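Please open the model in your viewer and keep the selection panel at hand, since each stop below names what to select next and says what is there.

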2 protein chains.
Amino acid sequence: MNEKYERQMKKGVLDMLVLKLLKSEAKYGYQIIQEMKEKSEETFLLKDGTLYPILYRLEDDKLVVSKWSEAVGKQVPRKYYEITEEGKKTLDEIEDVWKRISDGVLRIMEG
Amino acid sequence: MNEKYERQMKKGVLDMLVLKLLKSEAKYGYQIIQEMKEKSEETFLLKDGTLYPILYRLEDDKLVVSKWSEAVGKQVPRKYYEITEEGKKTLDEIEDVWKRISDGVLRIMEG
DNA sequence: TCTTATACTTTGTATTACTAAGTATATTAT
DNA sequence: ATAATATACTTAGTAATACAAAGTATAAGA
């Protein structure tokens, strides 16, 4: 029952969180999943099947670009995702939307 | 572009907000729309076509019950929606989910 | 050798906010 | 009287996304 609401409430915010994590530096998929888990203190536990479609969508929208890493030794090849200028701009906008909505929720829930 | 994110971010929270507004007293559709608008300071501007499907869903889930008002004078008949005990319990649970998710978002966005 | 972690891809499902169109009555302004 | 607006509820259809699940493949450790 609660999972239903949890899933719905996450809609829209994951794009924002992924862009935020990429803002400091380019990262690869597994790294994003780990940071999301650690920084949110276990609240955002993404499956890879959830993250990659988000990254592909962000790439289609030109908010991120991806590059395969040079083969360094025997390292499994990694695809690094880097935020674009447009991505940074969009991140700021999405953050404003989030602030406005969470403020609105607070006003109703606490009023 | 932003409308897309705004719409997604509202998913899940509208049920919570409607239940919250019904917690203090039974209300009819138009009244809910007005209170949502006022209390959220223009953030949640629901169309009737958005609200009623939510109310029907809540009713299907037995979180609210509806009663048509007695015909008082020439008043247009109104359908009052009242939160159930199960609805109150679910509201508390959804609120916990919301708090956990918004805390998680904050941790990532501010850290 | 087996398990686990790393790493990316694709397909399909369930859910929900919103638009739009429809029906109908009461009140207010012209 | 008439027109416009506010009130009040219903239904059908669209777009978007979190997630599960299944698949492919390599590296490291027990």
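## The sheet of chain A

In this predicted model, begin by selecting the strands of chain A, which form an open sheet of 3 strands in the order 1-3-2 with antiparallel pairing. Strand 1 (27-28) and strand 2 (64-68) of chain A stand at the edges, and because each has a single partner strand, one side of each is left without a neighbour in the sheet. Now restrict the view to strand 1 and strand 3 (residues 79-83) of chain A, an antiparallel pair joined by 2 bridges. Within this pair, show the side chains of A:Tyr28 and A:Tyr80, for A:Tyr28 stands opposite A:Tyr80, a residue of strand 3 of chain A.

## DNA strand C

Keep A:Tyr28 selected and add DNA strand C, where a phosphate oxygen is 3.1 Å from an N or O atom in the side chain of A:Tyr28. Extending the selection to the surroundings of DNA strand C brings in 29 residues, of which A:Tyr28, A:Tyr30, A:Tyr52, A:Tyr56 and A:Arg78 come nearest. If you colour the atoms of DNA strand C that come within 4 Å of the protein, sugar and phosphate account for 80% of them.

Two further distances can be displayed here. At A:Tyr56, a polar side-chain atom lies 2.4 Å from a phosphate oxygen of DNA strand C, whereas at B:Lys11 an N or O atom of the side chain is 2.7 Å from a base oxygen of DNA strand C.

Which elements supply at least two residues each to the surface near DNA strand C? Select helix 1, helix 3, helix 4 and strand 3 of chain A, together with helix 1 and helix 4 of chain B, and you have them. Helix 4 of chain A provides the largest share of this surface, with 5 residues. Coloured by residue class, the surface near DNA strand C divides into 12 nonpolar, 7 polar and 10 charged residues.

## The sheet of chain B

Move next to the strands of chain B, where you will find an open sheet of 3 strands, ordered 1-3-2 and paired in the antiparallel sense. Its edge strands are strand 1 (27-28) and strand 2 (64-68) of chain B, each of which pairs on one side only. Strand 1 of chain B pairs with strand 3 of chain B over 2 bridges, running antiparallel, and there B:Tyr28 stands opposite B:Tyr80 of strand 3.

## DNA strand D

Now select DNA strand D with the 29 residues that surround it, the closest of which are B:Tyr30, B:Tyr52, B:Tyr56, B:Arg78 and B:Lys79. Of the atoms of DNA strand D within 4 Å of the protein, 79% belong to sugar or phosphate, and the rest belong to bases.

Three contacts can be picked out one after another, including both phosphate and base atoms. B:Tyr52 places a polar side-chain atom 2.3 Å from a phosphate oxygen of DNA strand D. On the base side, an N or O atom in the side chain of A:Lys11 is 2.7 Å from a base oxygen of DNA strand D, and a backbone N or O atom of A:Gly49 lies 3.4 Å from a base nitrogen of DNA strand D.

The elements giving two or more residues to the surface near DNA strand D are helix 1 and helix 4 (48-60) of chain A, along with helix 1 (2-10), helix 3 (29-39), helix 4 (48-60) and strand 3 (79-83) of chain B. Helix 4 of chain B gives the most, with 5 residues. By class, this surface has 12 nonpolar, 7 polar and 10 charged residues.

## Where chain A meets chain B

For the last stop, hide the DNA and select the contact between the two chains, which takes 41 residues from chain A and 41 residues from chain B. The area buried between chain A and chain B is about 4,100 Å², and carbon and sulfur atoms give 69% of it. Highlight A:Met9, A:Ile108 and A:Met109, which supply 19% of the area that chain A buries against chain B, more than any other three residues.

Across this interface the rule finds 6 salt bridges, one of them between the side chains of A:Asp61 and B:Lys4 at 3.7 Å, N to O. The residue pairs in polar contact between chain A and chain B, both at pLDDT 80 or more, number 7. On the side of chain A that touches chain B, two or more residues come from each of helix 1 (2-10), helix 2 (13-24), helix 3 (29-39) and helix 5 (85-110) of chain A. Helix 5 of chain A gives the most to that side, with 15 residues. Coloured by class, the side of chain A that touches chain B divides into 19 nonpolar, 9 polar and 13 charged residues.

Definitions and conventions: Residues numbered from 1 in each chain as written. Chains lettered and ligands numbered in written order. Predicted model: local features only at pLDDT ≥ 70, side-chain atom pairs only at ≥ 80, totals over all residues. Heavy atoms only, no water. Contact = heavy atoms within 4.5 Å. Buried area = accessible area lost by both parts, 1.4 Å probe. Salt bridge = Lys/Arg side-chain N within 4 Å of Asp/Glu carboxyl O. Polar contact = N/O pair within 3.5 Å; in protein donor to acceptor, adjacent residues only side chain to side chain. Helix = DSSP H or I, 4+ residues; strand = E, 2+ residues; numbered from the N terminus. Nonpolar A, V, L, I, M, F, W, Y, C, P; charged D, E, K, R; others polar. Near = heavy atom within 4 Å. Pairing = 2+ DSSP bridges.
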